[in-house]
Amino acid sequence: MADTAWELGIPDGQLLLTTGVAGPAAKMGHRLTIAMDWTATVRWLSGRPVSVELTVDVDSLQVQRGEGGVTGLSGPEKALARSNALKCLDAKRFPHIRFRTDSVEETAGGYRLIGTLEIHGTVREQVIDLHVEDAGGAWRMSCEAEVSQADFGVKPYSMMMGAVKVADVVAVSFAAERAKDG
């Protein structure tokens with residue numbers, strides 16, 4: 001079988017980040033759900049995936065919703081949260097987040113992607129277990145991971161002298177679908 005590549009992106013699925021809240025007054029803060037634009041290339045050789053590269057556009061960050069807090073998250077508060085996140089990530093200097101595999105291993109439920117994650121100019125090893133499901137005419141792919149902002153030199157946003165701050169660990173979830181004939 002010849003070499004092939006899948007090109008995936010926003011029409012195929014979503015990449016979501018969920019933040020937590022920390023600090024003595026954490027009950028006042030919102031746990032945010034954030035969506036970001038992404039593209040991925042999956043290279044195949046002899047019917048097996050051999051590499052994956054995922055690129056996330058940091059400036060695409062959009063706050064979808066906020067849970068918790070004293071009051072609901074308003075539109076202006078979403079815009080402020082977006083602005084604060086972009087500052088923390090230094091989006092102008094580091095416009096992309098990238099994950100690249102060094103190896104792809106088949107597992108019982110899909111594939112283990114072993115590679116590097118680059119955020120804020122810092123590169124760290126990352127292992128992702130990608131679940132793959134046969135949905136008849138399509139392949140459904142999903143995974144979840146946790147990422148420590150501190151590991152990548154990102155200082156989480158805080159206010160009220162640290163009484164309320166974004167928790168260091170961010171939950172990342174990915175889900176996409178690819179037509180078998182696509």
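Colleague: What share of the 182 residues in the chain is buried?

Modeller: Buried residues make up 38% of them. Keep in mind that this is a predicted model. A residue goes into that group when its relative accessible area is under 20%.

Colleague: Let's try the cut-off on one residue. Why is Q126 called buried?

Modeller: Its relative accessibility is 14%, and the limit for buried is under 20%. The value falls below the limit, so Q126 counts as buried. You can find Q126 in strand β8, which covers residues 122–134.

Colleague: What does Q126 touch, leaving out residues up to four places away in sequence?

Modeller: Its contacts are F99, L113, I114, G115, T116, L117, A145 and E146. A pair counts as touching when heavy atoms are within 4.5 Å.

Colleague: Now K92: is it buried or exposed, and how do you know?

Modeller: K92 has a relative accessible area of 84%. Exposed means over 50%, so K92 is exposed. Look for K92 in the loop between α1 (75–89) and β6 (96–107).

Colleague: How far is K92 from I119, going by C-alpha atoms?

Modeller: They are separated by 13 Å, with their positions 27 residues apart along the chain. I119 itself touches L89, I97, V147, F152 and V154, not counting residues up to four places away in sequence.

Colleague: Which residues touch the most other members of the largest nonpolar core?

Modeller: That core has 41 residues, and M36, W38, L61, L113 and I119 touch the most other members. Strand β4 (residues 30–45) gives the core its largest share, 7 residues.

Colleague: What makes a group like that a nonpolar core?

Modeller: Its members must be buried residues of certain kinds, Leu and Ile among them, joined through side-chain atoms within 4.5 Å. In soluble globular proteins, nonpolar side chains tend to be buried together.

Colleague: How do you know whether the radius of gyration agrees with a compact globule?

Modeller: We set one number against another. For 182 residues, a compact globule would have a radius of gyration near 16 Å; the chain has 18 Å, so the two agree. The C-alpha atoms fill a box of roughly 60 × 30 × 30 Å along the principal axes.

Colleague: How many helices and strands are there in the chain?

Modeller: The chain has 1 helix and 12 strands. Along the sequence the pattern is β-β-β-β-β-α-β-β-β-β-β-β-β.

Colleague: And what share of the contacts with a separation of 6 or more joins residues 24 or more positions apart?

Modeller: Such pairs account for 59% of those contacts.

How values were computed:
Residues are numbered from 1 along each chain as its sequence is written. This is a predicted model: local features need pLDDT of at least 70, side-chain atom pairs count only at pLDDT 80 or more; totals for chains, interfaces and linings use all residues. Side-chain values use heavy atoms; hydrogens and water are left out. Buried means under 20% relative accessible area, exposed over 50%, partly exposed in between (1.4 Å probe, protein chains only). Helices (H or I, at least four residues) and strands (E, at least two) are DSSP runs, numbered from the N terminus. The radius of gyration is taken over C-alpha atoms; the globule rule is 2.2 Å times the number of residues to the power 0.38.
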